[in-house]
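Open the model in your viewer and set the display to cartoon. The stops below go from a sheet to the helices.

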Amino acid sequence: MIRENKLYDELSIGDTESVKRVCTANDLFVFAHASGNLNPLHIPDDDEHDDHEAVAPSMWVGALISSVLGNVLPGPGTLYRSQTLRFLDRAHVGDELTITVTVKEKLPNSVVVMDTVVKGRGGETVAEGVAEVLAPERKVRVDMEELPEIVLQRHQHFDHYIHSCEGLEPLVTAVVAPEEKESLGGALLAARHALIRPILIGSEPLIRQAAHEAGEDLGMFEIIDIPDHVAAAGRAVELVHEGYAGAIMKGHLHTSDLLHQVLKSKGGLRTSRRMSHAFVMDVPGLDHPLIISDAAINITPDLATKVDITQSAIDVALALGIQKPKVGVLSAVETVNPQIPSTLDAAALSKMSDRGQIKGGVVDGPLAMDNAMDAEAATTKGVTGLVAGHAEVLIVPNLEAGNMLAKQLAFVSGAEAAGIALGASVPIILTSRADGEKARLASCAIAVLYRFWQENGFPVGSRLAEAAE
């Protein structure tokens, strides 16, 4: 937006301008960083069950006045001399504030006196005062859109999933080989948050040593002493068949050793669907979670495997409460090119979705990464449809592409990555030693929510779920 200022001679008594601004949680986080004021009354809590309502700092409210003076009236080039303020009410996250400045008096030497007022919800006065400013000395026109964007590293989507599990029974989870402190610590952390009830299967001496190193007490947890990793994974599968465990969690063993037992033809946990993995990414600045599949199990999936990958990713999205997930099937380009096989698979998946062979979501492809995630890029390239620029699920061409995409988001963009393996009769939690606490908790929470969806056919938090409770 181009703004043109007003010089001293162009101002008249009574000139007035107003700007509206909604107070957001991000505003308060940014102000806390910039000012150093960490008063907990001013720090939003992403816990939607917490009664705490953050109060906007009064000086943040006052700073809104300077934005009107500097941007609108008199506009660019204005400098403060003084500002008085009286705070009569409080502003909170979600409030729409109206900031008004009015020319009250013109003094010599380009000094202008302005009445200033900020009104909040219901029209009540939040703050009022008088500003003395130096009017701009020269005429300028300024593009107000050229400020660099700030992205805050908040992970409110994962917080939401963890809180969504409150009130549900902890998911009994067979934890295979939690024989070092990271893998054991992740399981016990999830247990403390009442997400899972772990059964620890592995070498009991190593498990207890890991607990000692981590300062953990294993008194209340069941331990099944099976030193051999393959045998421990087999026992975890048996616990599922016995109806005792509703999920399996990978500890300190090779993924292949675990999946071999899960996928064995006799006594395994196979279903009619090919196993795949879905990363659920909580990306700072993105207003929805981003699901990426498959970046961990299937190396070069064929079309039939991609059908199962896509359906499983949609199922995860549905379990997380995303209605009619928008699925972008990625390739290097957004047009079908016989020389790029992934574009042919993408087009086939899109048509199969149209014909009901893939259910529950809207699938479109091929899409390049830019026009899958950015609406402006999609518009520029003439890519239309419900998914273009708004993808919530990304289906990657192969494991290499998915792995690089997920790690780029995690290590360059500050995203947290959680996820589960799908296609077995129960969710398989595959955590990494590089995962932080929030990612470990989120992986367990996603497994809980997915298992609830498997058993009930609707997600936690839906009207059906509320009625069932």
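Contact here means heavy atoms within 4.5 Å, and angles run from 0 to 180 degrees between N-to-C directions. The model is predicted.

**Stop one: helix 7.** Select residues 255-263, which form helix 7. Helix 7 lies across strand 9 (171-176), strand 12 and strand 19, and runs at about 160 degrees to strand 12.

**Stop two: strands 12 and 19.** Select residues 247-250 for strand 12 and residues 428-429 for strand 19. The two pair in the parallel sense, over two bridges. Show the side chain of isoleucine 248: opposite stands isoleucine 428 in strand 19.

**Stop three: the whole sheet.** Zoom out to see an open sheet of eleven strands with mixed pairing. Its order is 11-10-9-12-19-18-13-14-17-15-16. Strand 11 (222-225) and strand 16 (362-367) each have a single partner strand, so one side of each is left without a neighbour in the sheet.

**Stop four: helix 12.** Select residues 399-411. Helix 12 lies across strand 13 (276-282), strand 14 (290-293), strand 15 (326-330) and strand 17 (393-395), at about 150 degrees to strand 14.

**Stop five: helices 3 and 13.** Select residues 156-164 and 437-456. At what angle do helix 3 and helix 13 pack? The angle is about 50 degrees, with the axes 9 Å apart; the two helices are therefore oblique to each other. Helix 3 passes helix 13 in a left-handed crossing. Residues to show on helix 3 include Phe158, Tyr161 and Ile162, and those they meet on helix 13 include Leu441, Ala445 and Leu449. By class, this contact has nine nonpolar, one polar and two charged residues.

How values were computed. Residues numbered from 1 in each chain as written. Predicted model: local features only at pLDDT ≥ 70, side-chain atom pairs only at ≥ 80, totals over all residues. Heavy atoms only, no water. Helix = DSSP H or I, 4+ residues; strand = E, 2+ residues; numbered from the N terminus. Parallel < 35°, antiparallel > 145°, perpendicular 65-115°, else oblique. Left-handed = near helix turned anticlockwise from the far one by under 90°. Nonpolar A, V, L, I, M, F, W, Y, C, P; charged D, E, K, R; others polar. Pairing = 2+ DSSP bridges.
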